[in-house]
Amino acid sequence: MSTKKVGILTAGGDSPGLNAAIRGFGKSAIGHYDMELFGFRDGITGLVENRYEPLDARSLSGILTVGGTILGTSRDKVHRFPTPDGPVDMVPQVVENYERASLDALIILGGGGTAKNAKRLVDAGLNVIHLPKTIDNDIAETDTTFGFATAMEIATDAIDRVHSTAHSHHRIILTEIMGHGAGWLTLGAGIAGGADIILIPEIPYTVESVAATITERTRRGSTFSVVAVAEGARDVADTADYEAARLLVKSAKTPEAQRAARAHLKNVEDTQREHTFKLARELEAATGLEARVTILGYVQRGGSPSAADRVLATRLGAAAARLVADGEFGVMVAARGEDAVPVPLEKVAGKVKLVPPDHAWVQAARMVGTGLGD
Ligand code: F6P
């Protein structure tokens, strides 16, 4: 049997564990299955521009603990690739590059958006396997994603730390946590860090409810509060505006109507962007306490992956190598308990895993007296 040639790339926002997964796949592919490995630079961009280089045991050594991605990444989309003349469908170009390099398979590490790119390449006839990474933990069909556990540790540590300063100054400190439209990271870190209030996109809040939780704490003698706020959290009114704007985009029939609906949605998003600062001002007015905001931002995506993410990335990477050897493609390697299970990409692409409002984590938070803002 001839040696299999496999390409690998990382796409979308970076997250801790990408290098551990590249290593997990690469060491298994090269060392165990005797495959040849090629790393494409900067995600889909490098795939379109045909920028790749061989990866060997040496290039995979020493990267397990390293943050970011040794391959670089980008958010470019294969079907709307940016060119000076506007977006172009580059799927045919990628197919040509794949064939010219005589690849037998392509391993794509990425989040939900990347799963859609991967599916487009599968539909074009390429042998693609997707590995689920994102700090947001919002990919469908998998228990979890690598990057999430590390980001949750970082956000938890931040919540731990703001407690003492909130306590010293008798302040409300709002800690804004990433997660895009999903509340997993804020909910997990909020529970682990003992936030007094947790606000997530899946549970729209009212300022009155948040203020009532804080005032009740003051009445009981706690003159400070820590609020974990998801970047995508919204109050009830903003949620209604946002959902209406999204519905408009979905229901727009003509290109002009779509353009107008998208512009309206962007306008709504822009107006709501600094919602954590707005909430801080509203809570000051409602409670009489001083409020401060800490935006954790990219700190959550940086640095060395946690032990849990290293294990997850390694086992999903190794499982992907086995799938290439077995000739099983068009799938995402999902974490299901201790297993790594291939799931057809059509079940993943275009789906988002949100926090069910009655999820066990939500219930546990409520049971220990954490306010959810509703
Ligand atoms: O998807 C990961 C994520 O960090 C989200 O939590 C966040 O909303 C987004 O990426 C930020 O994207 P960018 O890196 O393009 O600024």
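The buried residues of helix α5 pack against β6 (171–177), α6 (184–192), β8 (225–230), β9 (290–295) and α11 (307–326). This is a predicted model, and α5 is a convenient place to enter it. The helix covers residues 148–169, 22 residues in total. From its first C-alpha to its last it reaches 32 Å, close to the 32 Å expected at 1.5 Å a residue. Its buried residues include the run Phe148, Ala149, Thr150, Ala151, Met152, Glu153, Ile154, Ala155 and Thr156. Further along the helix, Ile159, Val162 and Ala166 are also buried.

Just after α5 comes histidine 170, with a positive phi of about 55°. This residue lies in the loop between α5 and β6, and its phi is positive although the residue is other than glycine. Is histidine 170 buried, exposed or partly exposed? Histidine 170 has 13 other C-beta atoms within 10 Å; exposed residues have 12 or fewer and buried ones 20 or more, so histidine 170 counts as partly exposed.

A positive phi is also found at aspartate 34, where the angle is about 60° and the residue is again not a glycine. The setting is the loop between α1 (18–32) and β2 (36–40). Aspartate 34 is exposed because 11 other C-beta atoms lie within 10 Å, and the cut-off for exposed is 12 or fewer.

Turning to the overall layout, the domain assignment gives domain 1 as 5–146 + 305–347 and domain 2 as 151–300 + 356–367. Taken over C-alpha atoms, the centres of domain 1 and domain 2 are separated by 32 Å. To the contact, domain 1 gives 5 residues and domain 2 gives 9 residues. On the side of domain 1 that touches domain 2, there are 1 nonpolar, 2 polar and 2 charged residues.

The ligand brings the two domains back into view. Which residues are around the ligand? They are Gly13, Arg75, Gly111, Thr134, Ile135, Asp136, Met178, Gly179, His180, Glu231 and Arg301. By class, this shell has 2 nonpolar, 5 polar and 4 charged residues. Why does the ligand lie between domain 1 and domain 2? Domain 1 (5–146 + 305–347) and domain 2 (151–300 + 356–367) both give residues to the shell, so the ligand lies between them.

Methods. Residues are numbered from 1 along each chain as its sequence is written. This is a predicted model: local features need pLDDT of at least 70, side-chain atom pairs count only at pLDDT 80 or more; totals for chains, interfaces and linings use all residues. Helices (H or I, at least four residues) and strands (E, at least two) are DSSP runs, numbered from the N terminus. The expected span of a helix is 1.5 Å times one less than its number of residues. Two residues are in contact if their C-beta atoms, placed from the backbone, lie within 7 Å. Domain bounds come from an automatic or database domain assignment. Ala, Val, Leu, Ile, Met, Phe, Trp, Tyr, Cys and Pro count as nonpolar, Asp, Glu, Lys and Arg as charged, and the others, Gly among them, as polar. A residue is near a molecule or strand if its C-beta atom, placed from the backbone, lies within 6 Å of it.
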